[in-house]
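Got your viewer open and a selection box ready? Load the model and follow along, one stop at a time.

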Amino acid sequence: MLGTASQVPTRHRNHNGYLLRWDDEGLLFDPGEGTQRQMLLAGVPVSAVTRLCLTHFHGDHCLGVPGIVQRLSLDAVQHPVPAYFPASGQDFFARLRHACLFYDLADVPERPVAADGPVATGAFGVLEARTLDHSVDTIGYRLTEPDGRRFVPELLARHGITGPAVGQLQLTGSIEIDGRLVGLPEVSEPRRGQRFAFVMDTRLCDAVYALADDADLLVIESTFLNEDAELASRYGHLTARQAACVAAACGVRRLVLTHFSQRYPDSRRYRDQAAEVFDGDLVVAEDLARIPVPRSR
Ligand SMILES: [Zn+2]
């Protein structure tokens, strides 16, 4: 959690910024102002970023792009960092990408998102986007890892498979032990791929539920508290209670609330109002917190 404030930073909360570390990938979502320095404080180098995912072009979600791009260049990061964003904001992205003078070495392929669906696939799984309901074009993201298999230690032991033989079996799918061929299915069980969802500025809409469905980790905006539900709806935002209702309806395992309005001095109230409708694992995000993706089931 690089930043957890909506609209304006506070003394305790930076503008948005979220880095999802996912095997070899580092997906940087919505870097607001100051994200470069927040990464320093978090101890993450900019080379950890492999993809840049923007939900929309309000400043609290994108004014950190120039700093990140220029730091990619300064640090001579060799890998490309594709950038995803709503297609209607192409001009805004171009301005952020080329905001001012620097020796430009960064490789940032532009991937404008014009329709719902997958935007990237790879060893990490599938990254998809869906249109949300905010005051400007906004998309949410969902990352789905492919299902796989996991070794069962007791079954490995029963077949006498240990040490490097385990790696060999993983690589080739079968291995010969004492003249008998043992296949992967005999010593492993199905492992469901993990799912992550990122839902920023939006009113409640079908896409919120589709993104959050069965997510292991849901990071979702909860700008307002109950008493300001009318404001939330007017400005295209969620309340903590609405975000928690989504999590409950979608079977979310770990719910992370963020994007807090500076109008409320006590963030415990977000937790209280969310906990009324969601009895699962609930995190009210703080800047620089590290929140694990729950282990796959
Ligand atoms: Zn926002």
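Here is the tour, with a few ground rules before the stops. This is a predicted model, so read it with its filters in mind: local features need pLDDT of at least 70, side-chain atom pairs count only at pLDDT 80 or more, and totals for chains, interfaces and linings use all residues. Residues are numbered from 1 along each chain as its sequence is written, and side-chain values use heavy atoms, with hydrogens and water left out.

**Stop 1: the metal**

Select the zinc ion. Coordinating it are D60 (OD), H61 (NE2), D201 (OD) and H259 (NE2), at 2.0 to 2.4 Å. Donors here are N, O and S atoms within 2.8 Å of the metal (3.2 Å for Na, K and Ca); water is not among the atoms, so the site may look incomplete. What angles do the 4 donor atoms subtend around the zinc ion? They run from 94 to 159°, which makes the arrangement irregular. That label covers anything that is neither tetrahedral (four donors, all angles between 85 and 135 degrees) nor square planar (four) or octahedral (six), both of which need opposite donors over 155 degrees apart and all others between 65 and 115.

Along the sequence, the donor residues are spaced D-H-x139-D-x57-H. Now pick out D60, in the loop between β3 (51-53) and α2, and H259, in the loop between β15 (254-258) and α10 (268-275): the pair is 199 residues apart and links distant parts of the chain. Helices (H or I, at least four residues) and strands (E, at least two) are DSSP runs, numbered from the N terminus. Both D60 and H259 are buried, that is, under 20% relative accessible area (exposed is over 50%, partly exposed in between; 1.4 Å probe, protein chains only).

**Stop 2: two helices**

Select 35-42 for α1 and 65-74 for α2; their axes come within 8 Å and cross at roughly 60°. The contact uses T35, Q36 and M39 of α1 and G67, I68 and R71 of α2, with contact meaning heavy atoms within 4.5 Å.

Stay on R71, in helix α2. R71 is partly exposed, with a relative accessible area of 28%. Not counting residues up to four places away in sequence, R71 touches Q36 and V46. The C-alpha atoms of R71 and V46 are 6.9 Å apart, with their positions 25 residues apart along the chain.

**Stop 3: the far end**

Finish at I291, in the segment after β16 (281-284). Show M1 too: the two C-alpha atoms are separated by 7.8 Å, at 290 residues apart along the chain. Leaving out residues up to four places away in sequence, I291 touches M1, L217, R254, V256 and V283.

Conventions. Axes are lines fitted to C-alpha atoms, for helices over the stretch in contact, and angles run from 0 to 180 degrees between N-to-C directions.
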